[in-house]
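Hi everyone, thanks for coming. I'd like to walk you through one model today, so please have a look at it with me.

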Amino acid sequence: MRKQTVSKVVSIAVATSMVTMALIGCGNVSSETGAQGQAEETIGEEPVATSDTAEGDGEHIAAPYFRKGVYVNYAVEAENPPKDQFYVFSDDNYGYTDDAVTGMGLPFDCKQDEGAVYFTFGGAGESEEKFIVTSTEDGKIYGYFDGTEDRELVFEPVTDAQPEGFNAQNYMSGGDLIYEDANGWSIRYNPERFEIKQDGNKVAIVYTGECAGTTMVLVTYDAEHNGEDMRDEIAKGYGETAVKSEAVFPGTEDVKGYWAICPPAEDGSGLYMTSISRDYMDGSLTFELTGHNSGDDELDMEVSDYMSSIIDSVTFTKYGE
């Protein structure tokens with residue numbers, strides 16, 4: 001079975017309303033490029049130089065061609081290629097692909113032999129795909145996949161990226177970054193406005209811009225309670241003013257979400273809280289927003305928009321055939 005990671009972002013209007021209601025009431029790559037010595041054979045009186053590098057093939061290196069690092073992959077004949085397709089080698093023999101446009105990728109294993117690299121994409125049981133190495137030059141690996149001789153590719157080392165935690169969309173981003181959690185969810189965030197802190201099964205997405213008080217989204221995976229039970233426990237903590245409801249969970253099309261809203265009191269600090277829980281991996285996943293109204297409508301709306309952008313960007317990893 002081929003495991004394919006699919007990122008699907010669904011902007012749910014109700015996610016934005018959760019804040020509105022409250023207001024109302026991710027190395028330097030090194031390639032071994034040792035020069036091949038030339039042996040001279042004497043034929044008659046004239047020396048003849050011999051080498052295992054074919055003329056026009058550029059610098060020759062022996063396998064392994066790929067080392068631990070990040071490589072960008074594109075067609076040799078492409079004019080001004082976008083360079084948004086990456087191969088991340090966690091080691092010489094395994095890694096993953098990463099598409100900066102779609103955010104999708106596949107894990108791979110590989111065996112490096114003289115003149116060829118054999119890739120297996122998607123996990124055990126998949127067939128091998130042979131990449132034939134035609135030449136190497138300045139750390140770049142040239143070649144083509146077997147059966148596509150008319151489409152020569154180049155793998156170019158990305159010298160300013162490290163394979164650990166590499167994310168193609170973050171690397172190519174000029175602004176927002178993506179946080180991917182090991183539990184299979186992700187969000188897009190502005191690093192100038194948010195700081196992310198992780199502690200075990202909890203992730204705090206803390207707003208660092210101007211605001212009246214602590215403003216954050218706390219994401220919790222709980223293996224002991226389902227979504228509805230988690231919502232009920234949170235609502236109980238909110239007190240008598242809590243309002244409970246059900247709606248589609250952000251980032252999904254048909255997964256039920258369990259909501260609890262605690263609007264700000266007319267007097268006091270302006271504290272408001274909203275939580276959304278869902279059934280998740282034999283337990284529950286909860287996004288809980290905490291914020292404070294300042295009384296400055298313009299400032300409060302700006303904060304509201306930023307917090308809504310976090311909820312609206314929720315994405316879940318989906319595994320398919």
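I'll start with confidence and overall make-up, then go through the barrel, the aromatic rings, one strand and one serine.

First, some ground rules. This is a predicted model, so to speak of a local feature I need a pLDDT of at least 70, and side-chain atom pairs count only at pLDDT 80 or more, while totals for chains, interfaces and linings use all residues. Residues are numbered from 1 along each chain as its sequence is written, and side-chain values use heavy atoms, with hydrogens and water left out.

How confident is the predictor? pLDDT is its confidence in each residue, from 0 to 100. The chain averages 83, and 80% of the residues score at least 70. Among the elements, strand E16 (residues 216-222) has the highest mean pLDDT, at 98, and strand E3 (residues 46-50) the lowest, at 33. Over residues 1-58 the pLDDT is below 50, yet this stretch has 136 contacts in the model beyond near neighbours in sequence; a contact means heavy atoms within 4.5 Å.

Now the make-up. The chain has four helices and 21 strands. These are DSSP runs, numbered from the N terminus: H or I of at least four residues for helices, E of at least two for strands. Of the 321 residues, 44% are buried, meaning under 20% relative accessible area, with exposed over 50% and partly exposed in between (1.4 Å probe, protein chains only).

On to the barrel. Eight strands close it in the order E4-E5-E6-E7-E8-E9-E10-E11, with antiparallel pairing. Two strands pair if DSSP finds at least two bridges between them. From one strand to the next the twist averages 35°, with axes fitted to C-alpha atoms, for helices over the stretch in contact, and angles from 0 to 180 degrees between N-to-C directions. Take E10 (residues 140-145) and E11 (residues 153-157): they run antiparallel and are joined by three bridges. Glycine 143 stands opposite leucine 153 in E11.

Next, the rings. The structure holds 29 aromatic pairs. Rings of Phe, Tyr and Trp (its six-membered ring) pair if their centres lie within 6.5 Å; planes under 30 degrees apart count as stacked, over 60 as edge-to-face and the rest as tilted. One edge-to-face pair is phenylalanine 66 with phenylalanine 155, 5.0 Å centre to centre with 80° between the planes. Phenylalanine 66 lies in the loop between E3 and strand E4 (69-75) and phenylalanine 155 in strand E11, so the pair ties together parts 89 residues apart in sequence. Both phenylalanines, 66 and 155, are buried. They also belong to a cluster linked by ring pairs, whose members include Tyr71, Tyr87, Phe108 and Phe145.

Which strand has ten of its ten residues buried? That is E20 (residues 283-292), so it is largely enclosed by the rest of the structure. E20 pairs with E16 in the antiparallel sense over seven bridges, and valine 219 has phenylalanine 287 in E20 as its bridge partner. Strand E19 (residues 271-280) is also antiparallel to E20, joined by ten bridges, with leucine 271 opposite histidine 292. E19 and E20 form a hairpin with two residues between them, and methionine 281 in the turn has a positive phi of about 45°.

Last stop: is serine 304 buried or exposed? Serine 304 is buried, with a relative accessible area of 1%, and it sits in helix H4 (residues 297-312). Its C-alpha atom is 9.9 Å from that of threonine 215, 89 residues apart along the chain.

Conventions
pLDDT = per-residue confidence, 0-100.
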